[in-house]
Amino acid sequence: MNASKLLVCGVNLVVRKMANQATPVQDITLNGDEFNIKTSTTFKTTEIKFKLGEEFEEHTADGRTVKTIITQDGNKLIQSQKGDGDKVKDSVLTREFNGDDMKMVLTVDDIVCTRCYKKIE
């Protein structure tokens, strides 16, 4: 991930540098109709619980508060984050699952960052 591109989101320099060095682990589980995504790094751990199509308030790892809706389209989870419009921009995280691989693409305005994950047991 090119964390310098996170400047467009209003993420400060220290957080951008930490994000660029992080090797996150995402643990995604489904219990009934509730998903849980836990993202862990050596710097921070965040966790969101949600049901598909239901809006919730999310406090992101970079300190933003957004309204989030996550939907599913085939093998993709699409996480739409809505900011307040002035200081917090809208963003979309698309997680695409293919076998033991997950590709996560973050889009803000015309900036696109991609991070690839491998399944671990």
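A residue counts as buried when its relative accessible area is under 20%, as exposed when it is over 50%, and as partly exposed in between (1.4 Å probe, protein chains only). Let's put that to work. The model is predicted, so local features need pLDDT of at least 70 and side-chain atom pairs count only at pLDDT 80 or more, while totals for chains, interfaces and linings use all residues. Residues are numbered from 1 along each chain as its sequence is written, and side-chain values use heavy atoms, with hydrogens and water left out.

**Exercise 1: the whole chain**

Task: Find what share of the protein chain is buried, and describe its secondary structure.

Solution:
- Step 1. Of the 121 residues in the protein chain, 31% are buried.
- Step 2. Helices (H or I, at least four residues) and strands (E, at least two) are DSSP runs, numbered from the N terminus. The protein chain has one helix and nine strands.
- Step 3. Along the sequence, the pattern reads α-β-β-β-β-β-β-β-β-β.

**Exercise 2: an open sheet**

Task: Work out the strand order of the open sheet of three strands, and name its edge strands.

Solution:
- Step 1. Two strands pair if DSSP finds at least two bridges between them.
- Step 2. The order is β1-β2-β3, and the pairing is antiparallel. The edges are β1 (25-31) and β3, each of which pairs on one side only.
- Step 3. Now look at one pairing: seven bridges link β1 and β2 in the antiparallel sense. Here Gln26 stands opposite Thr39 in β2.

**Exercise 3: two hairpins**

Task: Describe how β5 pairs with β4 and with β6.

Solution:
- Step 1. Strand β4 (residues 56-59) pairs with β5 in the antiparallel sense over four bridges. Glu57 has Lys67 in β5 as its bridge partner.
- Step 2. Five residues lie between β4 and β5 in this hairpin, and Gly63 in the turn has a positive phi of about 95°.
- Step 3. On to strand β6 (residues 76-82): it runs antiparallel to β5, and seven bridges join the two. Asp73 has Lys76 in β6 as its bridge partner.
- Step 4. The β5 and β6 hairpin has two residues between its strands, with Gly74 in the turn at a positive phi of about 65°.

**Exercise 4: Thr68**

Task: Is Thr68 buried or exposed, and which residues does Thr68 touch?

Solution:
- Step 1. Locate Thr68: it is found in strand β5 (residues 65-73).
- Step 2. Thr68 counts as buried because its relative accessibility is 0%.
- Step 3. A contact means heavy atoms within 4.5 Å. Leaving aside residues up to four places away in sequence, Thr68 touches Glu54, Glu55, Phe56, Glu58, Gln79, Ser80 and Gln81.
- Step 4. A polar contact is a pair of N or O atoms within 3.5 Å; within protein, one must be able to donate a hydrogen and the other to accept it, and residues adjacent in sequence count only if both atoms are side-chain atoms. The side chains of Thr68 and Glu58 make one at 2.7 Å.

**Exercise 5: aromatic rings**

Task: How many aromatic pairs are there, and which residues form the aromatic cluster?

Solution:
- Step 1. Rings of Phe, Tyr and Trp (its six-membered ring) pair if their centres lie within 6.5 Å; planes under 30 degrees apart count as stacked, over 60 as edge-to-face and the rest as tilted.
- Step 2. This rule gives two aromatic pairs. Phe35 and Phe50 are stacked, at 5.3 Å centre to centre with 5° between the planes.
- Step 3. Phe35 lies in strand β2 (residues 34-40) and Phe50 in strand β3 (residues 45-51), so this pair ties together parts 15 residues apart in sequence.
- Step 4. Phe50 and Phe56 are also stacked, at 6.0 Å centre to centre with 10° between the planes. Both of these residues, Phe50 and Phe56, are buried.
- Step 5. Put together, Phe35, Phe50 and Phe56 form one aromatic cluster.
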